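Please open the structure in your viewer with the cartoon representation switched on. The stops below are arranged so that each selection leads to the next.

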Amino acid sequence: MDEGEARSVKVHVVGSSGTFPDHGRPASGYVVEQGDTRVWCDAGPGTYMSLPIDPDLVDAVVISHQHPDHCSDLFAAFHAWTYRPEPRDPVPLYAPQAVWDVVTAFVDQEPPCFDFTPVWTGDVVAIGDLEVSFVEMDHSVPTVGSRWEGHNRTLFYTADTGPAGEWRDLASAVDVMLSEASFQGRVEDKNYLHHLTSGEAGEIARSVGAGTLVLTHIPPYLDKSVSVAEAEKVFDRPVHLAVAGTSFDV
Ligand SMILES: [Zn+2]
Ligand SMILES: [Zn+2]
């Protein structure tokens with residue numbers, strides 16, 4: 001491995017199943033890796049046990065929002081990292097305040113395995129050589145999208161969102177846009193405004209000048225090839241799927 005390869009930003013897709021896990025396919029979760037830094041981003045059901053690395057090697061955790069399909073495995077990590085003979089040192093956790101409120105209420109304590117820092121629009125944190133910036137998304141609970149920069153490469157992760165709000169600036173000209181695509185078909189047929197159709201994902205990726213579009217958060221009951229085709233029609237370039245157990249370079 002040459003030095004460039006060793007330092008490049010890589011995304012391991014731990015889970016990409018939208019809204020709920022499918023058999024053998026965890027819900028939302030990724031490990032963003034650069035050099036020796038590994039960040040677990042979103043902890044949907046099934047992701048803890050499917051992490052591609054020893055969980056103790058996770059350097060930080062980032063959670064987009066409090067919906068269980070994005071954070072329920074924080075509880076798996078809490079038990080694994082706390083209730084063993086030698087608990088692990090606290091790992092930094094970055095998330096909207098509401099995530100911490102929900103987690104602490106559920107377990108009736110502040111989990112000692114996490115060193116929590118609230119993040120919201122305008123916040124930027126450094127994790128190893130990665131710089132992560134946050135912005136409020138268009139969702140029904142406080143939700144942050146995130147821009148990841150490292151080794152002169154950029155990734156934007158939409159988490160769960162509708163098309164509204166002021167978040168597109170942070171996604172401007174990214175190399176890779178990892179976008180949710182919870183619906184297919186016509187925008188007018190959406191029964192929930194705070195998610196995107198695959199066509200909207202394609203339109204937004206095109207409007208911000210994203211180099212590559214990777215679709216995620218597609219529910220198990222939808223035909224993923226239809227989502228890709230609908231996004232490609234608008235994005236006008238090949239569109240990729242986030243597949244659990246695979247990785248891609250940013
Ligand atoms: Zn979701
Ligand atoms: Zn959600």
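The tour visits two sheets, the helices that pack on them and a few individual residues.

**Before starting**

This is a predicted model, in which local features need pLDDT of at least 70, side-chain atom pairs count only at pLDDT 80 or more, and totals for chains, interfaces and linings use all residues. Residues are numbered from 1 along each chain as its sequence is written, chains are lettered from A and ligands numbered from 1 in the order in which they are written, and side-chain values use heavy atoms, with hydrogens and water left out. Helices (H or I, at least four residues) and strands (E, at least two) are DSSP runs, numbered from the N terminus.

**Stop 1: the sheet from β6 to β14**

Select the strands in the order β6-β5-β4-β3-β2-β1-β14, and an open sheet of seven strands with mixed pairing appears. Two strands pair if DSSP finds at least two bridges between them. At the edges are β6 (114-118) and β14 (247-249), each of which pairs on one side only. From one strand to the next, the twist averages 20°.

Next, select residues 9-15, which form strand β1; β1 and β14 run antiparallel and are joined by three bridges. His12 has Ser247 of β14 as its bridge partner.

Now add helix α3 (residues 73-82), which packs on this sheet and touches β3 (37-43), β4 (60-62), β5 (91-95) and β6. The direction of α3 makes about 130° with that of β3. Axes here are lines fitted to C-alpha atoms, for helices over the stretch in contact, and angles run from 0 to 180 degrees between N-to-C directions. Contact means heavy atoms within 4.5 Å.

Helix α4 (residues 97-107) also packs on the sheet, touching β5 and β6, and its direction makes about 140° with that of β6.

**Stop 2: inside helix α4**

Which residues of α4 are buried? They are Ala98, Val99, Trp100, Val103, Thr104 and Val107. Buried means under 20% relative accessible area, exposed over 50%, and partly exposed in between (1.4 Å probe, protein chains only). The cover over these residues includes α3, β5 and β6. Step just past the helix to Asp108, which takes a positive phi of about 60°.

**Stop 3: the sheet from β7 to β13**

Select the second set of strands, β7-β8-β9-β10-β11-β12-β13; in this order they form an open sheet of seven strands with mixed pairing. The edge strands, β7 (124-127) and β13, each pair on one side only.

At the β7 edge, this strand pairs with β8 (residues 130-136) in the antiparallel sense over four bridges. Val125 stands opposite Val132 in β8. Within β8, pick Ser133, which counts as buried because its relative accessibility is 9%. Beyond its neighbours within four places in sequence, Ser133 is in contact with Asp123, Val124, Gly145, Ser146, Arg147 and Leu170.

**Stop 4: strand β12 and its two neighbours**

Move to β12, where four of the five residues are buried. On one side, five bridges join it to β11 (residues 176-180), and the two strands run parallel. Met177 has Leu213 of β12 as its bridge partner. The chain passes from β11 through α5 to β12 in a right-handed β-α-β crossover. Right-handed means that, with the strands pointing away from the viewer, the path from the first strand over the helix to the second runs clockwise.

β12 also pairs with β13, in the parallel sense and over two bridges. Here the bridge partner of Val214 is His240. The crossover from β12 through α6 to β13 is right-handed as well.

**Stop 5: helix α6**

Select residues 224-235 for α6, a helix of 12 residues that reaches 16 Å from its first C-alpha to its last, close to the 16 Å expected at 1.5 Å a residue. The expected span is 1.5 Å times one less than the number of residues. Show the side chains of Ser227, Val228, Ala231 and Phe235, the buried residues of α6. Seen down the helix axis, these buried residues fall within an arc of 95°, so they line one face of α6. The arc is that of the directions from the helix axis to the C-beta atoms. Their cover includes α5 (198-208), β12 (212-216) and β13 (240-241). Just after α6, Asp236 takes a positive phi of about 70°.

**Stop 6: His240**

Finish at His240, in strand β13. His240 counts as partly exposed because its relative accessibility is 41%. Leaving aside neighbours within four places in sequence, His240 is in contact with Thr212, Leu213, Val214 and Leu215. From His240 to Gly15, the C-alpha to C-alpha distance is 15 Å, across 225 residues of sequence.
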